Amino acid sequence: MTDDTRWRNEEMRLADAAIGRPEELAPADALVLDANAMAGLLEEIFGWDLTAELARCTYCGTVAAGGTLLAFAGGPGTVLRCSVCHEAVIRIVRTPEAIYVDARGAAFLRLPGS
Ligand SMILES: [Zn+2]
């Protein structure tokens, strides 16, 4: 195994640890913000300020502006949760090499067209 492969495996392990276990960012022990506080990070990732754009929660079907999501920060990553059902809509983990985004809790994210 090369050093590069070892590093990639370690990076994936860190990302899986954060993305695969969102319960580690439970409301009781995480810093809770609204997604407006995460606007810069969201713009860095998506190239657009998502706080005013619509998203649909996969779990309860709520359609609301991204800025209404609850941001749980302070762990290995950030989890944006639905303000109605509190399920994880978007999970973000930054490693030294990459940013991992798990958006399977969003049935859709609406971005403006050109
Ligand atoms: Zn929901």
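In the predicted model, Arg56 stands opposite Phe108 of strand S8. This pair belongs to the contact between strand S2 (residues 54-57) and S8 (residues 106-109), two strands that pair in the antiparallel sense over three bridges. A further bridge partnership links Cys57 to Ala106 in S8.

S2 also pairs with strand S3 (residues 63-65), again in the antiparallel sense and over three bridges. Here Ala55 is placed opposite Ala64 of S3. The two strands form a hairpin with five residues between them. Within its turn, Gly61 has a positive phi of about 80°.

Taken together, these pairings give an open sheet of three strands in the order S3-S2-S8, with antiparallel pairing. S3 and S8 are the edge strands, each pairing on one side only. From one strand to the next, the twist averages 25°.

The side chains of S2 alternate between the two faces. Ala55 and Cys57 point to one face and are buried. Leu54 and Arg56 point to the other face and are not buried. The buried residue Ala55 is thus the one found opposite Ala64, and the buried residue Cys57 has Ala106 as its partner in S8. Arg56, which is not buried, is the residue opposite Phe108.

The segment leading into S2 was examined next. Ala52 lies in the loop between helix H2 (39-46) and S2, and Glu53 is found in that loop between H2 and S2 as well. Ala52 has 13 C-beta neighbours inside 10 Å and therefore counts as partly exposed. Glu53 also counts as partly exposed, because 16 C-beta neighbours lie inside 10 Å; the cut-off for a buried residue is 20 or more.

Both loop residues make contacts beyond their sequence surroundings. Not counting residues up to four places away in sequence, Ala52 touches Ala65 and Gly67. Ala52 and Ala65 are 13 residues apart in sequence, with a C-alpha to C-alpha distance of 5.2 Å. With the same exclusion of residues up to four places away, Glu53 touches Ala65, Gly66, Leu109, Arg110 and Leu111. The contacts of Glu53 thus include Ala65, a residue within the range of S3 (residues 63-65), and Leu109, a residue within the range of S8 (residues 106-109). Glu53 and Ala64 are separated by 11 residues in sequence and by 8.0 Å in space, C-alpha to C-alpha.

A second set of pairings involves strands S1, S4 and S5. Strand S1 (residues 31-34) contains Leu31. S1 and strand S4 (residues 70-73) run antiparallel and are joined by four bridges. The bridge partner of Asp34 in S4 is Leu70. S4 pairs in turn with strand S5 (residues 78-81), in the antiparallel sense and over three bridges. In this pairing, Leu70 stands opposite Arg81 of S5. Leu70 is accordingly matched with Asp34 and with Arg81. The hairpin of S4 and S5 has four residues between the strands, and Gly74 takes a positive phi near 105° in it.

Leu31 has 12 C-beta neighbours inside 10 Å and so counts as exposed, the cut-off for that class being 12 or fewer. Leu31 touches Ala73 and Gly74 when residues up to four places away in sequence are left out. Leu31 and Ala73 are 42 residues apart in sequence but lie 5.2 Å apart in space, C-alpha to C-alpha. Gly74, the other contact of Leu31, is the hairpin residue with the positive phi.

At the level of the whole protein chain, the secondary structure comes to two helices and eight strands. From the N terminus on, the elements run α-β-α-β-β-β-β-β-β-β. Of the 114 residues, 25% count as buried. Among contacts with a separation of 6 or more, residues 24 or more positions apart account for 55%.

Conventions
Residues are numbered from 1 along each chain as its sequence is written. This is a predicted model: local features need pLDDT of at least 70, side-chain atom pairs count only at pLDDT 80 or more; totals for chains, interfaces and linings use all residues. Two residues are in contact if their C-beta atoms, placed from the backbone, lie within 7 Å. Two strands pair if DSSP finds at least two bridges between them. Axes are lines fitted to C-alpha atoms, for helices over the stretch in contact, and angles run from 0 to 180 degrees between N-to-C directions.
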